[in-house]
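The paragraphs below walk through a protein structure, taking a few helices, strands and side chains in turn. Keep the sequence and the model in view while reading.

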Amino acid sequence: MRRGITATALVAALALAATACGSDDETGSKSSGELSGTVTWWDTSSVGSEDKVFKKLAEGFEKKHPKVDVKYVNVPFGEAQNKFKNAAQAGDGAPDVIRSEVAWTPDFANLGYLAPLDGTAALKNQDDFLKQAVASTKYEDKTYAVPQVIDSMGVFYNKKMFEEAGVEAPASLADLKTVAKKIKDKTGKTGLYLRGDDPYYFLSFLYGEGGDMVDAGSKSVTIDKPEGVKAFKAVKDLVDDGTAKTDASDGWENMMQAFKNGDVAMMINGPWAVADTLTGSEFTDKDNLGVAPVPAGSAAQGAPQGGHNLAVYAGSKNLDASYAFVEYMTSVDSQATAAGELNLLPTRTSAYAKKEAVDSEIVGFFKPVVETAVERPWIPEGGSLFEPLRIEYTKVLTGQTTPEKAAKATGDSYRKLLKDWK
């Protein structure tokens with residue numbers, strides 16, 4: 001790992017040196033007071049819903065700066081992290097701007113792939129940003145990204161199905177089991193679709209039992225403590241007793257189709273899923289979609305803090321236009337548009353006063369959820385913590401291992417990844 005960091009930091013330094021030597025014709029400039037050139041933007045938003053809105057916003061930047069050409073590229077979320085790393089390390093093919101999942105930002109910054117933004121045009125009215133959104137943009141006291149959207153998770157439920165079964169949104173895991181049983185008895189449908197191939201959907205259960213993946217403050221691994229074992233047991237019980245159905249692959253598509261078509265009454269998801277959900281046959285009347293807090297575990301009610309930042313590649317040949325583009329895409333007006341059209345939560349306080357955000361019931365619901373969401377560890381290895389957890393989480397849900405063994409295996413993997421951690 002140390003050798004990799006050294007090598008990639010050198011690549012970034014060379015890229016910056018090349019940028020400094022480039023001509024205005026090659027890089028684009030504002031030497032004449034006007035931005036010009038090309039800005040390549042990798043957007044990782046959902047195809048078919050979010051991407052259309054963000055592409056339209058990017059076109060608005062071009063209208064404001066007619067000499068700038070924004071090259072919009074939608075990169076599948078699951079591929080973007082490694083694709084960006086590979087391109088940045090090779091010094092060829094990386095975009096000027098990337099939509100970075102919050103956990104990627106400190107990782108990219110640690111590798112030397114991101115341009116520091118303090119003192120640049122990318123950061124405007126910094127005090128307007130939510131503090132919890134800003135936290136993921138920092139690394140070693142420098143700012144390497146600007147928060148675009150913030151999110152958390154809740155239970156999406158089918159109101160008509162709930163009414164038919166005579167139940168209300170569950171407040172605890174015990175309630176969840178009771179509600180699911182009544183739904184099964186009354187409608188023949190399964191209560192919950194629990195995504196089994198993505199450990200992000202496990203975090204609410206982990207936090208609910210009072211656990212966490214790691215404790216960054218004390219540099220200790222916590223996933224294999226008793227709370228972690230309890231969380232693995234909790235999700236296994238939901239599947240074993242028929243409260244939930246799950247999957248080992250293609251989880252997003254399976255979950256969304258099951259919920260949109262009325263095969264299940266509930267799913268755990270976030271505001272990013274609303275636009276897609278409303279395309280389902282069960283939600284032609286959008287008022288049929290209910291959203292409630294994730295059910296509490298034995299220790300607490302908790303959901304993870306997520307979201308996306310916009311970051312500028314350190315080797316960009318058009319830094320000025322890239323900074324301006326990031327500022328535009330994270331402005332109050334741009335965030336209000338995303339709130340109104342996609343129900344995505346702004347990262348700027350003042351954006352919540354805009355009509356688009358005020359009129360969105362989903363934004364109104366998730367804002368207090370986000371304010372109490374559990375922050376993930378903003379460490380370079382934060383994004384890498386998910387793969388070992390994914391393997392064991394899926395194995396638990398599909399009966400291939402026990403909660404105890406899963407917790408231990410994940411903890412062992414974390415200690416190999418996090419050198420000198422307890």
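A residue is called buried here if its relative accessible area is under 20%. The model is a predicted one. By that cut-off, the buried residues of helix 11, which spans residues 251-260, are Gly 251, Met 255, Met 256, Ala 258, Phe 259 and Lys 260. The elements that cover these buried residues include strand 7 (154-158), strand 8 (190-193), strand 12, helix 12 (274-277) and strand 13 (289-293). Just after helix 11, Gly 262 has a positive phi of about 85°.

Strand 12, one of the elements covering helix 11, runs over residues 264-269 and contains Ile 268. The relative accessibility of Ile 268 is 3%, so this residue counts as buried. Which residues does Ile 268 touch, not counting those up to four places away in sequence? They are Met 153, Gly 154, Val 155, Leu 192, Tyr 193, Tyr 201, Phe 205, Met 255 and Val 294. Met 255 also appears among the buried residues of helix 11. Between Ile 268 and Ala 292, 24 residues apart along the chain, the C-alpha separation is 9.5 Å.

Helix 13, residues 319-329, is mostly covered, with nine of its 11 residues buried. Those buried in helix 13 are Ala 321, Ser 322, Tyr 323, Ala 324, Phe 325, Val 326, Glu 327, Tyr 328 and Met 329.

Another strand residue to inspect is Thr 40, in strand 1 (residues 37-43). With a relative accessible area of 17%, Thr 40 is buried, because the cut-off for that class is under 20%. Its contacts, leaving aside neighbours within four places in sequence, are Lys 71, Val 73, Pro 95, Asp 96 and Val 97. Glu 79, in helix 4 (residues 77-90), is partly exposed, at 47% relative accessibility. From Glu 79 to Gly 382 the sequence separation is 303 residues, while their C-alpha atoms are 17 Å apart in space.

Next come the aromatic side chains. The structure holds 19 aromatic pairs. In one of them, the ring centres of Phe 365 and Phe 366 lie 5.0 Å apart and the planes meet at 85°, so the pair is edge-to-face. Phe 366 is buried, at a relative accessible area of 0%. Elsewhere, ring pairs join Trp 42, Phe 77, Phe 84, Trp 104, Phe 108, Tyr 113 and Tyr 313 into a cluster. Trp 42 also has a charged partner: Lys 83 lies over its face, 5.3 Å from the ring centre. A second such arrangement places Lys 367 over the face of Tyr 352, at 4.9 Å from the ring centre.

The last stop is a pair of helices. Two packed helices are described by the angle between their axes and the distance between the axes. Helix 17 (residues 386-397) packs against helix 18 (residues 403-417) at an angle of about 170°, and the axes are 9 Å apart. Helix 17 is therefore roughly antiparallel to helix 18, since angles over 145 degrees fall in that class. Helix 17 contributes Pro 388, Leu 389, Glu 392 and Val 396 to the contact. From helix 18 come Pro 403, Lys 405, Ala 406, Ala 409, Thr 410, Ser 413 and Tyr 414. By class, the contact between helix 17 and helix 18 has seven nonpolar, two polar and two charged residues.

Key:
Residues numbered from 1 in each chain as written. Predicted model: local features only at pLDDT ≥ 70, side-chain atom pairs only at ≥ 80, totals over all residues. Heavy atoms only, no water. Axes fitted to C-alpha atoms, helices over the stretch in contact; angles between N-to-C directions. Helix = DSSP H or I, 4+ residues; strand = E, 2+ residues; numbered from the N terminus. Parallel < 35°, antiparallel > 145°, perpendicular 65-115°, else oblique. Contact = heavy atoms within 4.5 Å. Nonpolar A, V, L, I, M, F, W, Y, C, P; charged D, E, K, R; others polar. Phe/Tyr/Trp six-rings, centres within 6.5 Å; stacked < 30°, edge-to-face > 60°. Buried < 20%, exposed > 50% of the residue type's maximum accessible area, 1.4 Å probe, protein only. Lys NZ or Arg CZ within 6 Å of the ring centre and 35° of its normal.
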